[in-house]
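Subject: Structure handover and notes

Dear colleague,

Please find the structure below, together with the notes I made while going through it. I would be glad if you read the two side by side.

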Amino acid sequence: MTDDTPKPAKKLTPANQNPWYILMTLHKEQPEGAEWWNYDEELHAKNRRDWNKWAARGLSEEKLAELRAMTDGEGKPHFEETELVPHDDKEFAALAAAFTKASAQRGATAALPPPDQGCGLSHVAFDRVFIARGLLFPGYADLSGATFSGDAFLSGVKFSRKHRVDFSHATFKGKTTFLNAEMEGAKSFAHAVFEKHPPSFHGAKLNEGAALHGVRWPDPPTPQTPPPEKDSAKARDAIATAEAEAKEAAQQHVYNYQRLKQIMEGLKKHEDELNFFAMEMAAQRVVDGKRSLRGLLNGIYGAVSDYGRSILRPTLAFFPFFALSAPVFEQSARVGEGCAPLTGAQAAGVSLATFLSVLPGLKDTINYKCLSTLATFTAGFNAVVGAALLFLIGLGLRNRFRMK
C-alpha cells in the first residue's frame, strides 16, 4: 500500500516500547512537561552521542568524512568529532547491555536494532516532546502514522539522501520544527495532519520529491472567547489578551507558510506554492485584524477569488452586480434630444458594456449623455468592479495554467 491512499487504522504503540525510541532516549526520556524551547539539553546531548555513534557504525568512511565537514550558519562543525566515531567492539557491547537494561525498565523486550536497516517508528505514540535535534538517520526512516501529542523538535536532523523519510498519515498536535534539517532524499508528508501549527522549515533542505498531497493544515488561529465576566473591564482585558495571543500565533503561521511557499517556488511546485500563499494570506488577515481595512480587503480577496486560485468565483461574482445594475440603466436613462428610453435588453447591454469597459471599443458604445446621475455613477462603479473581476479571472487562468 502506498501513501497515496488512506491507511487502515492501526493500534498505536507507546513510544517507550519501540526499540528505536528506547535507543534514542537511552539515558532517559525528557521530563514530562518539557517544551521544544525548554528541555534537558545535557540529557539530550548524551542520548544524541550514543545514537549518532550507533548510526555511524552503519556509514561508510566517505560518508562520515562528509558529515565531519558539515558546518552550521556560523561556520561551526555541525557534529562533534566524537559522535561520528563508531563504537568499538567493547563500547558496542556496553551499548547493547545498556539498551537491554533500558528496555527491561520500560517493560519491553526489544533487541538493539542494527544501524543499517532503517528506523521503524511507524504508528508510535509520542506522549511527550519529541527531541530529535541533530540526530543521524542513516537509512530509511519510517514515522508513518505516528502521533506526536507534544511538540516535535527535529532541528538539525540529518536524513539519508539515499533513503526515504516517511511522515505520511502522521498527526502533529503541537509545534513541529525542522530548523536547518537535511531532508534531501525522498520524503512524504502525504495525508499528515497538523492540528494547530504549520511546521517550520526555516533553513531546511528539501528536494522536489517531497509529497504533500492530502495534508490537513491547521485553520488560522482565532481568539478563544473567555467566559462572561461580571466586571466589564476584566472581560475587555480578557478579550484583548485572547486577541493578542491569536495574532501572535497567526504571525508564526505567516512566517512558516512564507518559508514553505519559498521552498515550493524553488522546487517549481507551483500548485503547492499557491496553496501556501493562500494559507499565508488567511493567517495574515488574523494578524491585521478582520475588521481593519487590510483585513477586510484580504477577506474580499479570499472570498471572491480564493486568493487567486479560482476562475469560477470571480466569474460568478459578475452576475449579482449585473442583475442589480441593469434596472438602474433602464429606469434612470435620460430622455431628450438624441436619447430614448432603454428597453430591458438594451439596459442589459449597457450594463454589460460598463463592466467590460476596460476592453477595447466597449466604452465607446455607451452614450453617457443619455445617462442620469445615478446611472453615470453606476457605470463608473461597474467599470471599477469589472476591471477588478477581469483581473482576478486572468490571475486565476494564469495560476491554473502555470503561465508566467
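Histidine 78 is buried in this predicted model, since its relative accessible area of 18% falls under the 20% below which a residue counts as buried. Histidine 78 belongs to the loop between helix H3 (61-68) and H4, and its side chain comes within 3.2 Å of the backbone oxygen of glycine 156. Apart from neighbours within four places in sequence, the residues in contact with histidine 78 are Arg48, Met70, Thr71, Asp72 and Gly156.

The helix that follows this loop, H4, covers residues 89-105, and at its N-terminal end aspartate 88 acts as a cap, with a side-chain oxygen 3.2 Å from the backbone nitrogen of lysine 90. With 17 residues at 1.5 Å a residue, H4 should span 24 Å, and the C-alpha atoms at its ends are indeed 24 Å apart, so expectation and model agree. Which residues of H4 are buried? They are Leu95, Phe99, Ala102 and Ser103. They lie on the same side of H4, because the arc they cover around the axis is only 100 degrees. As background, an α-helix has 3.6 residues a turn, so residues three or four places apart point the same way. The cover over the buried residues of H4 includes helix H1 (19-24) and helix H2 (41-56), whereas Asp89, Lys90, Lys101, Ala104 and Gln105 are exposed on the other side of H4. Just after H4, glycine 107 has a positive phi of about 75 degrees.

Two further residues deserve a look for their backbone angles. In general, most residues other than glycine have a negative phi. Histidine 123, however, has a positive phi near 55 degrees although it is not glycine, and phi of lysine 268 is likewise positive, near 60 degrees, in a residue other than glycine. Histidine 123 sits in the loop between strand E2 (119-120) and strand E3 (124-126), while lysine 268 is placed in the loop between helix H5 (232-266) and helix H6 (270-288). Is each of these residues buried or exposed? Histidine 123 has a relative accessibility of 11% and therefore counts as buried, whereas lysine 268, with a relative accessible area of 73%, is exposed.

Phenylalanine 153, which is part of strand E8 (residues 152-153), has a relative accessibility of 7% and so counts as buried. Once residues up to four places away in sequence are set aside, phenylalanine 153 touches Trp36, Tyr39, Phe130, Ile131, Ala132, Arg133 and Thr177. As for distance across the model, the C-alpha atom of phenylalanine 153 is separated by 36 Å from that of serine 310, which is 157 residues away along the chain.

Asparagine 399 is a further buried residue, with a relative accessible area of 6%, and its place is in helix H10 (residues 373-400). Leaving out residues up to four places away in sequence, asparagine 399 touches His270, Leu274 and Gly308.

Helix H9 (residues 344-355) can be checked for length in the way used for H4: its 12 residues reach 17 Å from the first C-alpha to the last, close to the 16 Å expected at 1.5 Å a residue. The buried residues of H9 are Ala347, Val350, Ser351, Ala353, Thr354 and Phe355.

Finally, some values for the whole chain. The protein has 10 helices and 16 strands, and its C-alpha trace spans about 110 × 60 × 45 Å along the principal axes. How does its radius of gyration stand against what a compact globule would have, and what is the value? The protein has 30 Å, whereas a compact globule of 404 residues would have a radius of gyration near 22 Å. Of the 404 residues, 47% count as buried, and the accessible surface comes to about 21300 Å², of which 56% belongs to carbon and sulfur atoms. Among contacts between residues at least 6 apart in sequence, 57% join residues at least 24 apart.

With best regards

Key:
Residues are numbered from 1 along each chain as its sequence is written. This is a predicted model: local features need pLDDT of at least 70, side-chain atom pairs count only at pLDDT 80 or more; totals for chains, interfaces and linings use all residues. Side-chain values use heavy atoms; hydrogens and water are left out. Helices (H or I, at least four residues) and strands (E, at least two) are DSSP runs, numbered from the N terminus. Buried means under 20% relative accessible area, exposed over 50%, partly exposed in between (1.4 Å probe, protein chains only). Contact means heavy atoms within 4.5 Å. The expected span of a helix is 1.5 Å times one less than its number of residues. The arc is that of the directions from the helix axis to the C-beta atoms. A polar contact is a pair of N or O atoms within 3.5 Å; within protein, one must be able to donate a hydrogen and the other to accept it, and residues adjacent in sequence count only if both atoms are side-chain atoms. The radius of gyration is taken over C-alpha atoms; the globule rule is 2.2 Å times the number of residues to the power 0.38. Accessible areas come from the Shrake-Rupley method with a 1.4 Å probe; for residues, only the protein chains shown count as cover.
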